[in-house]
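Biologist: Before I rely on the wording used for this model, I would like to go through the terms one by one and see what each of them rests on. Could you set the values beside the definitions as we go?

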Amino acid sequence: MTTNSSLGASGPIAIAIDGPAAAGKGTLARRLAAAYGLAFLDTGALYRGVAWLILEAGRDPADSIFAATIANGFDLAAIDGADIRTRAVGAAASVVAVNPDVRAALLSFQRRFASHPPAGARGAVLDGRDIGTIVCPDAPLKLFVTASPEARARRRWLELVIRNPALNEGQVLADIKERDARDRSRESAPLEQAPDAHLIDTTHLSIDAAFAAAQALVDPLFAG
């Protein structure tokens, strides 16, 4: 499927936000979407949703044929209310995400969302790991949001320990590093910064500071 090169020109404006797990890209994407009246899509939720459905069926996320079947019939309504943010689902999602058939099945959904945002929005913010490189390579603005593995592990541990007090922060760090390695080394759409993406390192930034940095880049898109 070809990309929509009109995004940001005569068509809806697409903002692509990529980065590793727990870097803050989701929080940033949601704030930008709300501030500028744009639709928002957490593309990671698509992969987590597929992973959750596979686990719910009692199947192995590494079963490429079954995973592709689930992805081809995927509907966001099927995971409405599902807890897709658990450690187990996250690990399964990383396995599912290296499946090229799953990625192909979900790619068209993401591109349709960007080119035809719901509710008549004037554009869309998509966050994930290959938005600027694969999903919307012609997006007028691309951000790559990252942070040190230690900072990201700390943030993720603080989220998860509420539900699992016995969770060790060191294990979360190991999980983060393992997922980074998988995401960056996979053959299909590996995690990487697009050459024209703006880097925002949130290691030492507050949410408000990161948002201000992004706003300075987004404002020119809507000037005039």
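Modeller: We can start where two helices meet: Y47, R48, V50, A51, W52, I54 and L55 in α2 meet A88, V89, G90, A92, A93 and V96 in α4, where contact means heavy atoms within 4.5 Å, and helices (H or I, at least four residues) and strands (E, at least two) are DSSP runs numbered from the N terminus. By class, this contact has eleven nonpolar, one polar and one charged residues, with Ala, Val, Leu, Ile, Met, Phe, Trp, Tyr, Cys and Pro counted as nonpolar, Asp, Glu, Lys and Arg as charged, and the others, Gly among them, as polar. As to the source, this is a predicted model in which local features need pLDDT of at least 70 and side-chain atom pairs count only at pLDDT 80 or more, while totals for chains, interfaces and linings use all residues. Residues are numbered from 1 along each chain as its sequence is written, and side-chain values use heavy atoms, with hydrogens and water left out.

Biologist: Why are α2 and α4 called roughly perpendicular to each other?

Modeller: Their axes, which are lines fitted to C-alpha atoms, for helices over the stretch in contact, come within 8 Å and cross at roughly 105°. Angles run from 0 to 180 degrees between N-to-C directions, and those under 35 degrees count as roughly parallel, over 145 as roughly antiparallel, 65 to 115 as roughly perpendicular and the rest as oblique. The two helices are therefore roughly perpendicular.

Biologist: How do you know that the length of helix α7 agrees with its number of residues?

Modeller: The expected span is 1.5 Å times one less than the number of residues, so the twelve residues of α7, 149-160, should span 16 Å, and the end C-alpha atoms are indeed 16 Å apart. In this helix A151, R152, A153, R156, W157 and L160 are buried, and what covers them includes α2 (43-56), α4 (87-96) and α8 (169-185).

Biologist: What makes N99 buried and N168 partly exposed?

Modeller: Buried means under 20% relative accessible area, exposed over 50%, and partly exposed in between, with a 1.4 Å probe and protein chains only. N99, in the loop between α4 and α5 (100-115), has 7% and is therefore buried; N99 touches S64, A67 and A68, not counting residues up to four places away in sequence. N168, in the loop between α7 and α8, has 48% and is therefore partly exposed. The C-alpha atoms of N168 and W157 are separated by 7.8 Å, although these residues are eleven places apart along the chain.

Biologist: Why is the aromatic pair of Y36 and F222 called stacked?

Modeller: Rings of Phe, Tyr and Trp (its six-membered ring) pair if their centres lie within 6.5 Å, and planes under 30 degrees apart count as stacked, over 60 as edge-to-face and the rest as tilted. For Y36 and F222 the values are 5.3 Å centre to centre and 20° between the planes, which places the pair in the stacked class. A search of the whole structure finds one aromatic pair, and this pair links Y36 in helix α1 (residues 25-36) with F222 in the segment after α9 (207-218), 186 residues apart. Y36 is buried at 9% relative accessible area, and F222 is buried at 19%.

Biologist: Is A119 buried or exposed?

Modeller: A119, in the loop between α5 and β3 (123-128), has a relative accessible area of 89% and is therefore exposed.
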